[in-house]
Amino acid sequence: MDQVTQDRIDEAVKANDVMLFMKGTPVFPQCGFSAATVQILSYFGVKFGSMNVLEDMEIRQGIKEYSDWPTIPQLYVKGEFVGGCDIVREMAESGELEELFRQNGIEVNAAA
């Protein structure tokens with residue numbers, strides 16, 4: 001990955017307390033895993049930034065190298081890589097994801 005791509009990813013991860021690299025946008029996800037991850041974040045009512053990897057092949061490949069994780073979507077909380085859809089889903093079901101948000105001072109407005 002070139003330095004410009006790494007800097008762009010770094011900037012996005014650091015500028016957003018919760019950052020999702022996904023296929024499509026939160027309003028129009030373009031894969032089921034991205035849609036599921038957006039749905040989970042929406043359930044918790046957290047504000048998050050997103051980047052559509054389908055619009056930029058350097059970002060699409062670069063994010064995999066950045067995290068050393070082969071799949072998209074990828075979720076970051078306070079600059080730390082959390083995981084992909086399956087990990088996010090498991091954490092949401094166990095209560096770990098909400099706890100992670102709260103520990104990092106991220107406002108949660110979970111739909112009851």
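Okay, let's start with the middle of this thing: the largest nonpolar core has 17 residues, and the ones with the most contacts inside it are L41, F44, V46, L75, L97 and F101. Keep in mind that what we have on screen is a predicted model.

So who builds that core? At least two residues apiece come from strand 1 (18–22), helix 2, strand 3 (74–77), helix 4 (85–94) and helix 5. Helix 2 is the top contributor, giving four residues.

Take L97, one of the best-connected residues in there. Leaving out anything up to four places away in sequence, L97 touches I40, F44, L75, V88, M91 and A92. There's also a second core, separate from that one, with 11 residues, including A12, V13, V53 and I63.

Now, back to helix 2, which covers residues 32–44, and to T37, which sits in it. Is T37 buried or exposed? It's buried, because its relative accessibility comes out at 1% and the cut-off for buried is under 20%. Where does its polar side chain go, then? A polar atom of the T37 side chain is 2.9 Å from the backbone oxygen of F33. Beyond its sequence neighbours, up to four places away, T37 is in contact with L20, P73, C85 and V88.

Next up, I106. You'll find I106 in the segment after helix 5, and helix 5 itself is 96–103. I106 is buried too, at 8% relative accessible area. Which residues does I106 contact, if we skip neighbours within four places in sequence? Those are D17, V18, V46, V77, K78 and F101. Look at V77 in that list: V77 and I106 are 29 residues apart in sequence, yet their C-alphas are 9.0 Å apart in space.

Last bit: helix packing. With two packed helices, you describe them by the angle between their axes and the distance between the axes. Here the pair is helix 1, residues 3–15, and helix 3, residues 57–67; the angle is about 75° and the axes are 10 Å apart. That angle makes helix 1 roughly perpendicular to helix 3.

Who's touching whom? On the helix 1 side we've got T5, Q6, R8, I9, D10 and V13, and they meet E58, I59, G62, I63 and Y66 on helix 3. By type, that contact splits into five nonpolar residues, three polar and three charged. And notice V13 and I63: both take part in the helix contact, and both belong to that second core.

That's it from me. Any questions, shout.

Technical notes
Residues are numbered from 1 along each chain as its sequence is written. This is a predicted model: local features need pLDDT of at least 70, side-chain atom pairs count only at pLDDT 80 or more; totals for chains, interfaces and linings use all residues. Side-chain values use heavy atoms; hydrogens and water are left out. Axes are lines fitted to C-alpha atoms, for helices over the stretch in contact, and angles run from 0 to 180 degrees between N-to-C directions. Angles under 35 degrees count as roughly parallel, over 145 as roughly antiparallel, 65 to 115 as roughly perpendicular and the rest as oblique. Contact means heavy atoms within 4.5 Å. Ala, Val, Leu, Ile, Met, Phe, Trp, Tyr, Cys and Pro count as nonpolar, Asp, Glu, Lys and Arg as charged, and the others, Gly among them, as polar. Buried means under 20% relative accessible area, exposed over 50%, partly exposed in between (1.4 Å probe, protein chains only). A polar contact is a pair of N or O atoms within 3.5 Å; within protein, one must be able to donate a hydrogen and the other to accept it, and residues adjacent in sequence count only if both atoms are side-chain atoms. A nonpolar core is a set of buried Ala, Val, Leu, Ile, Met, Phe, Trp, Tyr and Cys residues joined through side-chain atoms within 4.5 Å.
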